[in-house]
Amino acid sequence: MRVYMGSMRTSGLAACALTIGNFDGVHLGHQNMLARLRAEADARGLPTALLTFEPHPREFFCRDDPPSRLSTLRDKLDFLAEQRLVDEVFVYRFNPAFARMSAQDFVDRVLVGALNTRYLLIGDDFQFGAKRQGDFALLSSCPAFVTEAMPSVLVAGERASSTLVRERLAAGDLSAAARLLGRPYQLSGRVMHGKKLGRTLGFPTANIHLPHRRPALEGVFVVEVDTPGATFGGVASFGKNPTVDTGDDYKLEVHLFDFAGELYGQRLRVRFLKKLRDEARYDTLDALVAQIERDAASARSYLTSLQREQA
(Lines give C-alpha, C1' and ligand atoms only; values in the text may rest on other atoms or scores of the structure.)
Protein backbone atom coordinates (compact mmCIF):
# COMPACT_ATOMS: atom_id res chain seq x y z
CA MET A 1 0.00 0.00 0.00
CA ARG A 2 1.34 3.40 -0.97
CA VAL A 3 0.65 6.39 1.27
CA TYR A 4 0.82 9.99 0.06
CA MET A 5 0.95 12.58 2.83
CA GLY A 6 0.34 16.30 2.79
CA SER A 7 -0.58 18.60 -0.06
CA MET A 8 -2.46 17.73 -3.22
CA ARG A 9 -0.46 15.91 -5.87
CA THR A 10 -1.17 17.27 -9.32
CA SER A 11 0.71 15.09 -11.76
CA GLY A 12 2.07 11.65 -12.43
CA LEU A 13 -0.79 9.63 -10.92
CA ALA A 14 -2.43 6.79 -12.79
CA ALA A 15 -6.21 6.74 -13.06
CA CYS A 16 -7.86 5.22 -9.99
CA ALA A 17 -11.06 3.98 -8.41
CA LEU A 18 -11.55 6.22 -5.39
CA THR A 19 -13.52 6.46 -2.19
CA ILE A 20 -13.51 9.35 0.28
CA GLY A 21 -13.96 9.54 4.02
CA ASN A 22 -12.40 9.62 7.46
CA PHE A 23 -12.70 5.85 7.89
CA ASP A 24 -12.26 6.31 11.63
CA GLY A 25 -11.91 2.85 13.17
CA VAL A 26 -12.24 1.10 9.76
CA HIS A 27 -15.38 -0.73 10.92
CA LEU A 28 -17.31 -3.37 8.96
CA GLY A 29 -19.18 -0.71 6.99
CA HIS A 30 -15.86 0.71 5.82
CA GLN A 31 -14.49 -2.75 5.09
CA ASN A 32 -17.53 -3.66 2.97
CA MET A 33 -17.18 -0.38 1.11
CA LEU A 34 -13.53 -1.08 0.30
CA ALA A 35 -14.41 -4.61 -0.82
CA ARG A 36 -16.97 -3.21 -3.26
CA LEU A 37 -14.45 -0.60 -4.41
CA ARG A 38 -11.98 -3.40 -5.09
CA ALA A 39 -14.52 -5.34 -7.16
CA GLU A 40 -15.42 -2.28 -9.24
CA ALA A 41 -11.76 -1.34 -9.66
CA ASP A 42 -10.82 -4.84 -10.82
CA ALA A 43 -13.63 -4.79 -13.38
CA ARG A 44 -12.22 -1.56 -14.77
CA GLY A 45 -8.53 -2.46 -14.49
CA LEU A 46 -7.86 0.32 -11.95
CA PRO A 47 -6.01 0.52 -8.64
CA THR A 48 -8.06 1.35 -5.55
CA ALA A 49 -7.48 4.60 -3.66
CA LEU A 50 -8.76 6.20 -0.47
CA LEU A 51 -8.79 9.95 0.20
CA THR A 52 -8.85 10.79 3.90
CA PHE A 53 -8.12 13.86 6.00
CA GLU A 54 -5.94 14.89 8.92
CA PRO A 55 -7.10 16.31 11.22
CA HIS A 56 -10.61 14.93 11.16
CA PRO A 57 -12.81 17.78 9.78
CA ARG A 58 -14.95 17.75 12.92
CA GLU A 59 -11.77 18.24 14.98
CA PHE A 60 -10.92 21.21 12.77
CA PHE A 61 -14.32 22.85 13.22
CA CYS A 62 -14.71 21.95 16.92
CA ARG A 63 -11.23 22.62 18.28
CA ASP A 64 -12.44 23.48 21.78
CA ASP A 65 -14.63 20.39 22.04
CA PRO A 66 -13.32 17.79 19.57
CA PRO A 67 -15.09 14.45 19.18
CA SER A 68 -13.39 11.31 20.40
CA ARG A 69 -11.18 9.60 17.83
CA LEU A 70 -11.48 5.83 17.40
CA SER A 71 -8.09 5.38 15.78
CA THR A 72 -4.90 7.29 15.29
CA LEU A 73 -3.82 7.93 11.72
CA ARG A 74 -1.05 5.38 12.17
CA ASP A 75 -3.43 2.71 13.45
CA LYS A 76 -5.80 3.36 10.56
CA LEU A 77 -3.04 3.10 7.97
CA ASP A 78 -1.56 0.01 9.63
CA PHE A 79 -4.90 -1.82 9.54
CA LEU A 80 -5.58 -0.86 5.93
CA ALA A 81 -2.13 -2.16 4.97
CA GLU A 82 -2.29 -5.36 7.05
CA GLN A 83 -5.66 -6.31 5.58
CA ARG A 84 -4.68 -5.21 2.06
CA LEU A 85 -7.90 -3.24 1.79
CA VAL A 86 -6.66 -0.54 -0.58
CA ASP A 87 -3.73 0.13 -2.93
CA GLU A 88 -3.20 3.85 -2.30
CA VAL A 89 -4.10 6.25 0.50
CA PHE A 90 -4.01 10.02 0.10
CA VAL A 91 -3.90 11.91 3.41
CA TYR A 92 -4.78 15.57 2.83
CA ARG A 93 -4.28 18.26 5.44
CA PHE A 94 -7.65 19.68 6.42
CA ASN A 95 -6.73 23.34 6.89
CA PRO A 96 -8.52 26.70 6.45
CA ALA A 97 -7.85 26.82 2.71
CA PHE A 98 -9.21 23.32 2.22
CA ALA A 99 -12.27 24.10 4.36
CA ARG A 100 -13.05 27.11 2.12
CA MET A 101 -12.83 25.13 -1.12
CA SER A 102 -16.13 25.06 -3.00
CA ALA A 103 -17.71 21.76 -3.94
CA GLN A 104 -17.09 22.36 -7.65
CA ASP A 105 -13.44 23.25 -7.02
CA PHE A 106 -13.08 20.03 -5.02
CA VAL A 107 -14.36 18.06 -8.00
CA ASP A 108 -12.23 19.90 -10.55
CA ARG A 109 -9.00 20.35 -8.59
CA VAL A 110 -8.91 17.27 -6.36
CA LEU A 111 -10.95 14.46 -7.87
CA VAL A 112 -10.11 15.18 -11.52
CA GLY A 113 -6.96 17.31 -11.52
CA ALA A 114 -5.02 15.76 -8.66
CA LEU A 115 -6.26 12.20 -8.24
CA ASN A 116 -7.26 11.32 -11.83
CA THR A 117 -10.45 9.63 -10.63
CA ARG A 118 -12.28 7.35 -13.06
CA TYR A 119 -14.67 5.64 -10.64
CA LEU A 120 -15.94 7.12 -7.36
CA LEU A 121 -17.73 5.24 -4.58
CA ILE A 122 -19.21 7.34 -1.78
CA GLY A 123 -21.35 6.73 1.27
CA ASP A 124 -25.08 7.32 1.00
CA ASP A 125 -24.85 10.43 3.20
CA PHE A 126 -21.68 11.96 1.72
CA GLN A 127 -21.48 15.76 1.49
CA PHE A 128 -18.43 17.89 0.74
CA GLY A 129 -17.07 21.33 -0.03
CA ALA A 130 -17.55 24.64 1.76
CA LYS A 131 -20.81 24.62 3.77
CA ARG A 132 -21.25 20.95 2.69
CA GLN A 133 -22.89 22.05 -0.54
CA GLY A 134 -21.60 19.16 -2.65
CA ASP A 135 -23.64 15.97 -2.94
CA PHE A 136 -24.27 12.90 -5.06
CA ALA A 137 -26.08 14.89 -7.74
CA LEU A 138 -23.09 17.17 -8.31
CA LEU A 139 -20.67 14.23 -8.45
CA SER A 140 -22.92 12.32 -10.85
CA SER A 141 -22.92 15.27 -13.24
CA CYS A 142 -19.14 15.09 -13.70
CA PRO A 143 -18.30 13.35 -17.01
CA ALA A 144 -14.73 12.47 -15.95
CA PHE A 145 -15.76 9.61 -13.68
CA VAL A 146 -18.60 7.27 -12.78
CA THR A 147 -20.14 7.89 -9.34
CA GLU A 148 -21.98 5.30 -7.28
CA ALA A 149 -23.34 5.40 -3.73
CA MET A 150 -22.79 2.62 -1.21
CA PRO A 151 -25.86 1.68 0.82
CA SER A 152 -25.59 1.37 4.59
CA VAL A 153 -24.15 -1.85 5.99
CA LEU A 154 -26.22 -3.41 8.77
CA VAL A 155 -24.64 -5.35 11.62
CA ALA A 156 -27.14 -7.11 13.91
CA GLY A 157 -29.84 -4.84 12.49
CA GLU A 158 -27.96 -1.60 13.11
CA ARG A 159 -26.22 0.70 10.64
CA ALA A 160 -22.48 0.30 11.03
CA SER A 161 -20.98 3.72 11.66
CA SER A 162 -18.12 5.31 13.56
CA THR A 163 -20.69 7.19 15.64
CA LEU A 164 -22.35 3.96 16.75
CA VAL A 165 -18.96 2.41 17.61
CA ARG A 166 -18.19 5.45 19.77
CA GLU A 167 -21.55 5.12 21.51
CA ARG A 168 -20.96 1.44 22.29
CA LEU A 169 -17.46 2.10 23.59
CA ALA A 170 -18.62 5.02 25.73
CA ALA A 171 -21.28 2.73 27.22
CA GLY A 172 -18.65 0.08 28.02
CA ASP A 173 -20.22 -2.44 25.62
CA LEU A 174 -17.01 -3.74 24.10
CA SER A 175 -18.68 -6.84 22.63
CA ALA A 176 -21.08 -4.71 20.61
CA ALA A 177 -18.24 -2.46 19.48
CA ALA A 178 -16.22 -5.50 18.40
CA ARG A 179 -19.17 -6.77 16.32
CA LEU A 180 -19.32 -3.45 14.49
CA LEU A 181 -15.55 -3.32 13.99
CA GLY A 182 -15.14 -6.97 13.08
CA ARG A 183 -12.41 -7.24 15.73
CA PRO A 184 -11.74 -6.10 19.30
CA TYR A 185 -11.25 -2.38 19.71
CA GLN A 186 -7.54 -1.54 19.83
CA LEU A 187 -5.08 1.32 20.07
CA SER A 188 -1.33 1.55 19.76
CA GLY A 189 1.22 3.95 21.15
CA ARG A 190 4.75 4.32 22.39
CA VAL A 191 5.68 3.67 26.02
CA MET A 192 6.77 6.85 27.77
CA HIS A 193 8.30 7.51 31.18
CA GLY A 194 5.72 8.27 33.85
CA LYS A 195 5.75 8.82 37.61
CA LYS A 196 6.71 5.15 38.16
CA LEU A 197 4.21 4.99 41.00
CA GLY A 198 2.87 1.63 39.82
CA ARG A 199 6.09 -0.24 40.49
CA THR A 200 6.22 1.09 44.04
CA LEU A 201 2.71 -0.28 44.54
CA GLY A 202 3.62 -3.70 43.15
CA PHE A 203 1.91 -3.15 39.77
CA PRO A 204 4.36 -1.63 37.28
CA THR A 205 2.60 -0.11 34.28
CA ALA A 206 3.49 0.82 30.75
CA ASN A 207 2.40 4.42 30.18
CA ILE A 208 1.32 4.64 26.55
CA HIS A 209 1.34 7.97 24.78
CA LEU A 210 -1.70 8.73 22.58
CA PRO A 211 -1.95 11.93 20.54
CA HIS A 212 -5.67 12.71 20.87
CA ARG A 213 -7.23 14.74 23.63
CA ARG A 214 -10.36 12.66 24.19
CA PRO A 215 -10.48 8.85 24.09
CA ALA A 216 -13.48 6.86 22.90
CA LEU A 217 -13.64 4.87 26.14
CA GLU A 218 -12.71 5.29 29.81
CA GLY A 219 -12.37 2.98 32.76
CA VAL A 220 -10.53 -0.18 33.77
CA PHE A 221 -10.28 -3.00 31.23
CA VAL A 222 -9.10 -6.52 30.55
CA VAL A 223 -6.61 -6.24 27.68
CA GLU A 224 -4.26 -8.16 25.45
CA VAL A 225 -1.05 -6.35 24.56
CA ASP A 226 1.22 -7.00 21.60
CA THR A 227 4.82 -6.13 22.49
CA PRO A 228 7.72 -6.37 20.00
CA GLY A 229 8.45 -9.89 21.29
CA ALA A 230 5.21 -11.49 22.42
CA THR A 231 1.58 -11.00 23.44
CA PHE A 232 0.61 -10.63 27.10
CA GLY A 233 -2.66 -10.41 28.96
CA GLY A 234 -3.11 -7.54 31.35
CA VAL A 235 -5.28 -4.95 32.99
CA ALA A 236 -5.43 -1.33 31.85
CA SER A 237 -6.59 1.96 33.30
CA PHE A 238 -7.67 4.57 30.76
CA GLY A 239 -8.65 7.93 32.20
CA LYS A 240 -7.49 10.77 34.40
CA ASN A 241 -6.28 8.65 37.36
CA PRO A 242 -8.08 10.83 39.95
CA THR A 243 -6.48 9.21 43.00
CA VAL A 244 -2.96 10.43 42.21
CA ASP A 245 -3.47 13.14 39.54
CA THR A 246 -5.44 16.38 39.45
CA GLY A 247 -5.03 17.28 35.76
CA ASP A 248 -7.39 16.78 32.84
CA ASP A 249 -5.05 14.71 30.67
CA TYR A 250 -6.13 11.18 29.80
CA LYS A 251 -3.62 8.41 30.42
CA LEU A 252 -3.48 4.81 29.23
CA GLU A 253 -1.60 2.73 31.80
CA VAL A 254 -1.24 -1.01 31.25
CA HIS A 255 -0.05 -3.66 33.68
CA LEU A 256 1.17 -6.76 31.79
CA PHE A 257 0.80 -10.11 33.50
CA ASP A 258 3.91 -12.29 33.83
CA PHE A 259 6.15 -9.77 32.08
CA ALA A 260 9.67 -8.84 33.12
CA GLY A 261 11.77 -6.23 31.38
CA GLU A 262 11.70 -2.66 30.09
CA LEU A 263 9.40 -1.33 27.41
CA TYR A 264 10.37 2.35 27.28
CA GLY A 265 10.34 3.63 23.71
CA GLN A 266 8.59 0.51 22.39
CA ARG A 267 5.29 0.66 20.50
CA LEU A 268 2.57 -1.50 22.00
CA ARG A 269 -0.79 -2.51 20.56
CA VAL A 270 -3.55 -2.78 23.17
CA ARG A 271 -6.75 -4.74 22.52
CA PHE A 272 -9.62 -3.94 24.87
CA LEU A 273 -11.55 -7.13 25.66
CA LYS A 274 -13.85 -6.34 28.58
CA LYS A 275 -14.67 -3.37 30.78
CA LEU A 276 -14.34 -4.14 34.48
CA ARG A 277 -15.48 -0.84 35.98
CA ASP A 278 -15.46 2.93 35.75
CA GLU A 279 -12.61 5.00 37.19
CA ALA A 280 -12.93 5.92 40.84
CA ARG A 281 -11.08 8.07 43.34
CA TYR A 282 -9.71 6.40 46.49
CA ASP A 283 -8.90 8.17 49.73
CA THR A 284 -5.68 6.21 50.36
CA LEU A 285 -3.07 4.39 48.32
CA ASP A 286 -3.84 1.23 50.32
CA ALA A 287 -7.44 1.35 49.10
CA LEU A 288 -6.20 1.89 45.55
CA VAL A 289 -3.83 -1.10 45.77
CA ALA A 290 -6.63 -3.32 47.12
CA GLN A 291 -8.82 -2.37 44.16
CA ILE A 292 -5.99 -2.96 41.68
CA GLU A 293 -5.52 -6.43 43.16
CA ARG A 294 -9.22 -7.16 42.64
CA ASP A 295 -9.06 -5.82 39.08
CA ALA A 296 -6.01 -7.95 38.27
CA ALA A 297 -7.68 -11.06 39.67
CA SER A 298 -10.82 -10.39 37.64
CA ALA A 299 -8.77 -9.81 34.49
CA ARG A 300 -6.78 -13.03 34.96
CA SER A 301 -10.00 -14.98 35.50
CA TYR A 302 -11.56 -13.54 32.35
CA LEU A 303 -8.48 -14.28 30.24
CA THR A 304 -8.37 -17.86 31.55
CA SER A 305 -12.03 -18.42 30.65
CA LEU A 306 -11.41 -16.91 27.23
CA GLN A 307 -8.49 -19.28 26.60
CA ARG A 308 -10.69 -22.24 27.56
CA GLU A 309 -13.37 -21.12 25.09
CA GLN A 310 -10.81 -20.82 22.32
CA ALA A 311 -9.13 -24.17 23.07
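Two residues are in contact here when heavy atoms of theirs lie within 4.5 Å. By that criterion, and leaving aside residues up to four places away in sequence, Gly25 touches Leu70, Ser71, Leu181 and Arg183. The model in which these contacts are found is a predicted one, and Gly25 offers a convenient place to enter it.

Gly25 sits in the loop between strand S2 (16-20) and helix H1. With a relative accessibility of 5%, Gly25 counts as buried, because the cut-off for that class is under 20%. A second residue to set beside Gly25 is Thr48, which belongs to strand S3 and is likewise buried, at a relative accessible area of 1%. Gly25 and Thr48 are separated by 23 residues in sequence, and their C-alpha atoms are 19 Å apart in space. The contacts of Thr48, again without residues up to four places away in sequence, are Ala17, Leu37, Arg38, Ala41, Leu85, Val86, Asp87 and Glu88.

From these two positions one can step back to the chain as a whole. The fold contains 10 helices and 14 strands. Its radius of gyration is 22 Å, close to the 19 Å that the globule rule gives for 311 residues, so the chain is as compact as a globular protein of that length. Along the principal axes, the C-alpha trace spans about 70 × 45 × 35 Å. Buried residues make up 49% of the 311 in the chain, and among contacts with a separation of 6 or more, 74% are between residues 24 or more positions apart. The accessible surface of the chain comes to about 15300 Å², with 49% of that area belonging to carbon and sulfur atoms. As for charge, there are 40 positive and 37 negative charges, and their mean positions are 3 Å apart.

The interior can be read next. In soluble globular proteins, nonpolar side chains tend to be buried together. In this model the largest nonpolar core has 31 residues, and those with the most contacts inside it are Leu169, Tyr185, Leu252, Val254 and Phe272. At least two residues of this core come from each of helix H7 (162-170), helix H8 (174-181) and strands S9 (185-192), S10 (206-209), S11 (219-226), S12 (231-239), S13 (251-256) and S14 (267-277). Helix H8 gives the most to this core, with four residues. The surroundings of Leu252 illustrate the packing: beyond residues up to four places away in sequence, Leu252 touches Ala206, Asn207, Ile208, Leu210, Ala236, Ser237, Phe238, Val270 and Phe272. A second core, separate from this one, has 28 residues, and Cys16, Ile20, Phe98 and Ile122 are included in it.

Two helices show how burial is distributed along individual elements. In helix H7, the buried residues are Ser162, Leu164, Val165, Arg166, Arg168 and Leu169, and the helix is followed by Gly172, whose phi is positive, near 80°. In helix H3 (residues 73-82), the buried residues include Leu73, Asp75, Lys76, Leu77, Phe79 and Leu80. The cover over the buried residues of H3 includes strand S1 (2-6), helix H1 (28-44), strand S3 (48-54), strand S4 (88-93) and strand S9. Just after H3, Arg84 takes a positive phi of about 55°.

Strand S3 thus returns at the end of this path: Thr48 is found in S3, and S3 is among the elements that cover the buried residues of H3.

Note on methods:
Residues are numbered from 1 along each chain as its sequence is written. Side-chain values use heavy atoms; hydrogens and water are left out. The radius of gyration is taken over C-alpha atoms; the globule rule is 2.2 Å times the number of residues to the power 0.38. Buried means under 20% relative accessible area, exposed over 50%, partly exposed in between (1.4 Å probe, protein chains only). Accessible areas come from the Shrake-Rupley method with a 1.4 Å probe; for residues, only the protein chains shown count as cover. Lys and Arg count as positive and Asp and Glu as negative; His and the chain ends are not counted. The place of a charge is taken as NZ of Lys, CZ of Arg, CG of Asp or CD of Glu. A nonpolar core is a set of buried Ala, Val, Leu, Ile, Met, Phe, Trp, Tyr and Cys residues joined through side-chain atoms within 4.5 Å.
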